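User: I am new to this structure and would like to see how each label attached to it is justified. Could you set the values beside the definitions as we go along?

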Amino acid sequence: MAAHRKPRQRPLTGPAARTAATLALAGAASATAFEGVGHAEPQLSRAQVKAKVDQLYQQAEVATDKYNGAKAETQATEKSLRTLHDEAARRTQELNTARDALGAAAEAQYRNGAIDPSLQVLLSSDPTQYLERAAYVERADDLQAAKVTGVRKQLGDLAQLRSEADRKISELRTQQADLKKQKTTVQSKIRTAQALLARLTAPERAQYAAQDTGAAVPRADRSALRGSLVAPSSRAAQALAFAYGALGKPYAWGATGPSSFDCSGLTQAAYRSAGVSLPRTTYTQINSGRRVSRSELAPGDLVFFFSGISHVGIYIGNGEMIHAPHPGAPVRIAPIDQMPFAGATRPV
């Protein structure tokens with residue numbers, strides 16, 4: 001039995017012990033290093049944080065525009081669906097009235113002892129049978145045949161309305177899913193940007209917040225600025241007056257006022273105050289009115305930025321605009337050179 005006993009391990013001493021300890025520490029360090037690959041966040045400079053936050057806010061604005069577009073489509077589909085339901089209810093009432101009239105005629109024939117076979121079929125509770133045996137219509141008199149034909153058409157129209165309603169419901173579900181997706185994207189981009197900003201010191205964050213000129217325009221100066229405007233039309237002047245009145249109000253994605261705005265929400269609300277209807281998104285607003293070149297810009301024109309047309313402001317002259325920049329930045333005056341210029345339009 002003793003021959004099979006496992007020999008005792010002698011503890012390492014001296015150089016051997018030091019070598020083993022070194023190898024163990026090296027192995028632990030390597031394991032820790034590999035575990036951290038892909039997880040450690042790099043240290044970004046202030047300039048890199050600013051560039052990354054700007055990029056995230058611009059991506060959030062693209063998603064916001066898609067959200068606004070999906071929301072507008074959803075609202076239009078909901079309105080169309082309500083109209084279809086109202087029309088279906090009206091047609092159903094007309095159908096019931098027509099069938100009641102046929103029932104009265106059948107009752108009269110029954111009292112006379114001879115109900116027409118066509119009425120026996122058409123008054124059936126089974127709509128399929130009601131339509132399939134239309135040959136019996138030929139055996140009714142002319143007036144009765146016209147009534148039966150009318151009921152048949154009403155049934156067809158009602159079936160078409162219900163089919164259209166089913167299609168709209170499917171369309172609405174797709175739009176609602178897209179709306180949810182875009183909302184999640186916007187919120188994710190904004191949270192990431194805010195987490196990056198939190199890495200900066202308080203003075204650095206304040207400096208970032210004030211990076212646009214015109215961050216605050218005293219109320220006493222606003223009337224003087226508005227008085228210097230020469231807008232091409234009274235409606236453009238009214239839209240500009242609204243934009244000046246919105247200075248300092250917070251940015252909120254998806255908002256159209258009156259207490260907060262996103263970029264296209266501000267321009268839409270400004271022109272709505274002047275009796276001009278603009279679509280909801282930047283990529284549709286750029287097609288409103290007449291396109292103008294940069295050299296033709298006049299106060300009240302809408303100015304657009306980035307290749308995907310994802311930001312818009314209202315031009316006020318002297319190379320400046322009023323716009324709603326991004327979360328954390330209120331409606332303010334800024335130079336149009338601040339972003340890549342993409343085009344301009346004159347709504348009125």
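**From values to labels**

Analyst: Strands S2 and S3 form a hairpin with five residues between them, and in that turn Phe 306 has a positive phi of about 75 degrees. This is a predicted model, in which local features need pLDDT of at least 70 and side-chain atom pairs count only at pLDDT 80 or more, while totals for chains, interfaces and linings use all residues. Residues are numbered from 1 along each chain as its sequence is written, and side-chain values use heavy atoms, with hydrogens and water left out.

User: What makes S2 and S3 a pair of strands?

Analyst: Strands are DSSP runs of E with at least two residues, just as helices are runs of H or I with at least four, both numbered from the N terminus. Two strands count as paired if DSSP finds at least two bridges between them. Strand S2 (residues 302-305) and S3 are joined over four bridges in the antiparallel sense, so the condition is met. Within this pairing, Val 303 stands opposite Gly 313 in S3.

User: How do you know in which sense S3 and strand S4 pair, and what lies between them?

Analyst: S3 and strand S4 (residues 320-323) share three bridges in the antiparallel sense, with Tyr 315 standing opposite Met 321 in S4. Their hairpin has two residues between the strands, and Asn 318 takes a positive phi near 55 degrees there.

User: How many residues of strand S3 are buried, and what follows from that?

Analyst: Buried means a relative accessible area under 20%, exposed means over 50%, and partly exposed lies in between, with a 1.4 Å probe and protein chains only. Seven of the seven residues of S3 (residues 311-317) are buried, so the strand is largely enclosed by the rest of the structure. Across the protein, buried residues make up 36% of the 348 residues.

User: Why is the contact between Arg 91 and Glu 87 called a salt bridge?

Analyst: Side chains of opposite charge can pair when their charged atoms come close. The rule asks for a side-chain nitrogen of Lys or Arg within 4 Å of a carboxyl oxygen of Asp or Glu. For Arg 91 and Glu 87 the N to O distance is 2.9 Å, so the pair qualifies. The two residues are four apart in helix H2 (residues 46-111), which separates them by about one helical turn. Arg 91 has a relative accessible area of 23% and is therefore partly exposed, and Glu 87, with a relative accessible area of 23%, is partly exposed too.

User: Which other salt bridge does Arg 91 make with Asp 157?

Analyst: The side chains of Asp 157 and Arg 91 meet at 3.4 Å, N to O. This pair links distant parts of the chain, with Asp 157 in helix H5 (residues 142-197) and Arg 91 in helix H2, 66 residues apart.

User: What can be said of Glu 164 and Arg 167?

Analyst: Their side chains form a salt bridge at 2.8 Å, N to O, and both lie in helix H5, three residues apart, about one turn of the helix. Elsewhere, salt bridges that share partners join Glu 87, Arg 90, Arg 91, Lys 153 and Asp 157 into one network. The count by this rule comes to 10 salt bridges.

User: What makes Phe 341 partly exposed, and which residues does Phe 341 contact?

Analyst: Phe 341, found in strand S6 (residues 341-346), has a relative accessible area of 26%, and so counts as partly exposed. Contact means heavy atoms within 4.5 Å. Leaving aside neighbours within four places in sequence, Phe 341 is in contact with Arg 294, Leu 297, Val 303, Phe 304 and Phe 305. Phe 341 and Phe 305 are 36 residues apart in sequence, yet 4.6 Å apart in space, C-alpha to C-alpha.

User: Why is one empty space called a pocket and another a cavity?

Analyst: On a 1 Å grid over the protein atoms alone, a cavity is a set of points where a 1.4 Å probe fits but cannot get out, whereas a pocket is an open set with protein on both sides within 12 Å along at least five of seven lines; lining residues have an atom within 4 Å of a point. Grid points are joined across faces, edges and corners, and a volume is the space filled by probe spheres set on the points. The largest pocket holds about 280 Å³. Of the 15 residues lining this pocket, the closest to its centre are Asp 54, Phe 306, His 326, Gln 338 and Met 339, and H2 gives the most to the lining, with five residues. Two cavities of 30 Å³ or more are counted, and the largest has a volume of about 40 Å³. Its lining includes Tyr 57, Val 186, Trp 253 and His 326, with the largest share, four residues, coming from H2.
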